[in-house]
Amino acid sequence: MNLPAYFLADLPPEAALTPAMVNAACDTLRRNRAKYLLPRSTESMIALLCEVASDWLQPENRFRRLALELGPAETGFSAAVLQSGLDAFFREFTPGNFRRLLAQEVGGALCVTGDDWRAGRESVPAPHASSPAPGYWRGPELLVHIAAGNIPNPSLMSLTLGLLTRSAQFMKCASGAALLPRLFAHSIYHADPKLGACLELAAWRGGNRELEGALFAHADCVTATGSDETLAAVRAQLPSRVRFLGYGHKVSFGFVAREVLREEEIASVISRAADDIVAWNQQGCLSPHVLYVEERGAVESDQFAQRLAVELAQRELAAPRGAIATEEAARIDSQRAIYETIAAHRADAKIWASANSTAWTVVFEHEVTFRFSPLNRFIFVKPVPDLPAVLRGVDELHGRVSTVGLAASPAKAAELAREFAHWGVPRICPLGRMQSPPLTWRHDGRPALGDLILWTDIEL
Amino acid sequence: MTPELSAYAARLRGLMAVSPPAISPAQFDRLALELFALQFQSNPAYRKICEARGQTPATVQHWSQIPALPTAAFKDLDLTCLAPTERTTVFHSSGTTEQRPSRHWHGMESLAVYEASLTAWFLENVPPDLRFAIADLRLICLTPPPSLVPHSSLVHMFDVVRREYALPASVFTGQLDAAGSWTLDFTSVYNQLTAAIQSRQQVILLGTAFSFVHLLDFLAIKDLVFNLPEGSLVMETGGYKNRSRILPKSGLHALITERLGVPREQILCEYGMSELSSQAYDGGARSLRLEASGSSTPSPKPQAPSRFSFPPWARAQILSPETGQGVGEGETGLIRILDLANVFSVLAVQTEDLGVRRGDGFELIGRAQLAEPRGCSLMNA
């Protein structure tokens, strides 16, 4: 790849990392932060991030082109899947959206570093301009991210939030999953080399005690995304003074209410359901495993499933899923074999699947209990009489749900949202938007930016 | 059950009794298509699935096209040609987490085929000097006895081996704990091993991989090392099923050699499941014979790539999960087995195990776990 070696992750794979290299990198990051990052205002950071994102959305952008050229081999996602996932992500980067995020997370308060706080002027418009400043906030000096390997957006968002908090950042990528974080970091470097010098990325197989020990000794705050085992292992290694933010794996599902199951709307609903299944090939925690579809709509639930299968077949032509590992294909194959057997014996169970490939699968069954999909465009469609049946079906998932994608009339949607919120779902969005959370998304119900920062309360 | 199936079973047992066993490819194909047609008639649950797939005796031309059923289908369906009154025995799939185990029904005749199959192929795979009952042989099974676990096909198999040898000195050293999990009576194993060494008896030690881990951990804690008499044989089988820590195969075998004094070439690995009536073996006498005959300079490498082989009346196919087509040599796919010894159930079984194709056999990779895509751990929670 034709990229300069700015980051440890740019080194050739045979270059062995040592704790001394990690130590040196962390020392440099701290120095660079003091010089280059601390003087920067929130507004200037927003401007930079929006500029970088706007560049990524240009077809000729170098980093975008590298992502689409090298991504399929490195990540397993097809260029079409990468393109729509990255575009949806970077389109959220607007000054308005960043201001909404800051208003939500810090109100009108100023960052103690960079913002012009001595003058008492607010660089970010406060929602209640007349209320007194509640205090000042600041980000961690050295923010360490332990990134997961499945989809890139969470890693890119972590780096974005860290820039907003003006933290030096060290991201440990999963081995073999560094490409997109690297390209994003290079694009920051390209836009502003001084800010790029406050980032470090490296990739190694998680659990390397020597490297991680060195890294954690420097960290002020560590975020980690991954399995429960990964999070527990990271947490156990951290010195007690280091703050830890762990994001475990979650699951998501969709709900389609019967009023939208009519001929006038069905094509749009099906298309939005397919958007959520195709986005990142269902690899993220926000992707649906199951779509619950209310019975007794003008279009019946099995018709919904059949039309969804047709739509997924068309999506495969337009935006192919891409190759997957043998083990992943084997999971799909095993699940298909089971449901083919069930479907042969039960008139109320059906399966539609791509021929001669595992590219997509729709399983229709009346059993309301939530099922874990083998993912990679494998979706369960489950008819339900009403919302309580859904809540019974997902009963064992308390605390493990990320997102519910809703297709319902506006009045019904508000009512359903209340019910799901009461049950404990942290995010409810329109079907079709499940993998495109806004910048203001509170990750797993926690304030994403707010959790990173520390406050100075002013009680004067 | 029909007279045709009974006649088929009798014929198959005749073929199994030939040593060394040999069935030509054409003969295998004929036998498979014949059995498929019989099962299509007599196994309504199987027929329904074949019809749904449009694969019937009228359309299937070759044994490799015979519709295979997933092992999971044995959980929900009675996949048998036996009438309810003919079902005398049922084997369940193992595993502590199984809510609903597989059920493989057997009757008198099907057990006779099962036992003929396992005996013939077991004897073919043990060293020649262990092939016949000899007085100074001691058989130790690290499982509970059949009376405690009547639905374990594995324990039934061990019991058949025990009967075959007709040995007075044979013992099951496993027990069941309150939760129904298999445990080991360490004192009993210790006494058995000690007695074998004192009386210089060769030992055949049969067990699951996790029972060997339990035993080896016990020996490590007590700092005990046994040096079993030369010629002793270890046979290990099955996965770990969350019943012990997991060791890679080479690590398990190294520990067996270290703690029990049984060299690698005397360790036999078995691959079997309750849904089948035949087993595959890796290592042991037959593998060594093949290795020696395969090259003019027999390789002494103890860690040659492992290769499981079924008897001639069963075939393993390694299929690409993506396309359903057979994979090339050295490539990985799902293991599908066509077992003629499954006379009274379903002859073609699709496993959820991945294997690397090695000639007619395979190297076992293991189960493709569901719903742990790229590190999602909800299923483990």
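Select strand 1 (110-111) and strand 2 (residues 135-138) of chain A to begin: the two run parallel and are joined by 2 bridges. Within this pair, colour Leu110(A) and then look across to Tyr136(A), which is the bridge partner of Leu110(A) in strand 2 of chain A. Everything on this tour belongs to a predicted model. Now add strand 15 (454-457) of chain A to the selection, and the view shows an open sheet of 3 strands in the order 1-2-15, with mixed pairing. Strand 1 and strand 15 of chain A are the edge strands, since each of them pairs on one side only. Strands of a sheet pair through backbone hydrogen bonds, either parallel or antiparallel.

For the antiparallel sense, move to strand 10 (residues 350-353) and strand 11 (residues 361-364) of chain A, which pair in that way over 4 bridges. Here Lys350(A) stands opposite Phe364(A) of strand 11. Show the side chains of strand 10 of chain A next, and ask which residues form its covered face and which its uncovered one. Ile351(A) and Ala353(A) make up the covered face, whereas Lys350(A) and Trp352(A) belong to the uncovered one. The pattern is a familiar one, because in a regular strand the side chains alternate between the two faces of the sheet.

Zoom out to the whole of chain A, in which there are 15 helices and 15 strands. Its C-alpha atoms fill a box of roughly 70 × 60 × 45 Å when this is taken along the principal axes. The radius of gyration of chain A is 23 Å, which agrees with the value near 23 Å that a compact globule of 460 residues would have. Of these 460 residues, 51% count as buried. If the contacts of chain A with a separation of 6 or more are drawn, 77% of them are accounted for by residues 24 or more positions apart.

Colour chain A by its domain assignment, which gives domain 1 as 8-249 and domain 2 as 251-430. The C-alpha centres of these two domains of chain A lie 33 Å apart, and the contact between them takes 11 residues from domain 1 and 14 residues from domain 2. On the side of domain 1 of chain A that touches domain 2, select helix 4 (residues 79-91), which gives the most to that side, with 4 residues. Colouring the same side by residue class gives 5 nonpolar, 6 polar and no charged residues.

Bring chain B into view and turn to the interface, where 33 residues of chain A are in contact with 29 residues of chain B. Two elements, helix 10 (228-237) and helix 13 (326-345) of chain A, give two or more residues to the side of chain A that touches chain B. Which of the elements of chain A gives the largest share of that side? Select helix 13 of chain A, from which 16 residues of the side come. By class, the side of chain A that touches chain B has 12 nonpolar, 14 polar and 7 charged residues. For the complex, the predictor gives an ipTM of 0.85 and a pTM of 0.89.

Hide chain A and keep chain B, which has 10 helices and 15 strands. Buried residues make up 46% of the 381 residues in chain B, and among its contacts between residues at least 6 apart in sequence, 71% join residues at least 24 apart.

Select Leu184(B), which lies in strand 7 (residues 182-184) of chain B. Is Leu184(B) buried or exposed? Leu184(B) counts as buried, because 21 C-beta neighbours lie inside 10 Å, where the cut-off for a buried residue is 20 or more. Leaving aside residues up to four places away in sequence, Leu184(B) touches Leu142(B), Thr173(B), Gly174(B), Val189(B), Ser211(B), His214(B) and Leu215(B). A distance label between the C-alpha atoms of Leu184(B) and Val213(B), which are 29 residues apart along the chain, should read 11 Å.

Finish by colouring chain B by pLDDT, whose mean over the chain is 88, with 87% of the residues at 70 or more. Two stretches to select with caution are residues 295-302 of chain B, where pLDDT stays under 50 and the model has 5 contacts beyond four places in sequence, and residues 370-381 of chain B, where pLDDT also stays under 50 and the model has 35 such contacts.

Methods
Residues numbered from 1 in each chain as written. Chains lettered and ligands numbered in written order. Predicted model: local features only at pLDDT ≥ 70, side-chain atom pairs only at ≥ 80, totals over all residues. Domains from an automatic or database assignment. Contact = placed C-beta atoms within 7 Å. Nonpolar A, V, L, I, M, F, W, Y, C, P; charged D, E, K, R; others polar. Pairing = 2+ DSSP bridges. pLDDT = per-residue confidence, 0-100. Rg over C-alpha atoms; globule rule 2.2 N^0.38 Å. Buried ≥ 20, exposed ≤ 12 C-beta atoms within 10 Å, placed from the backbone.
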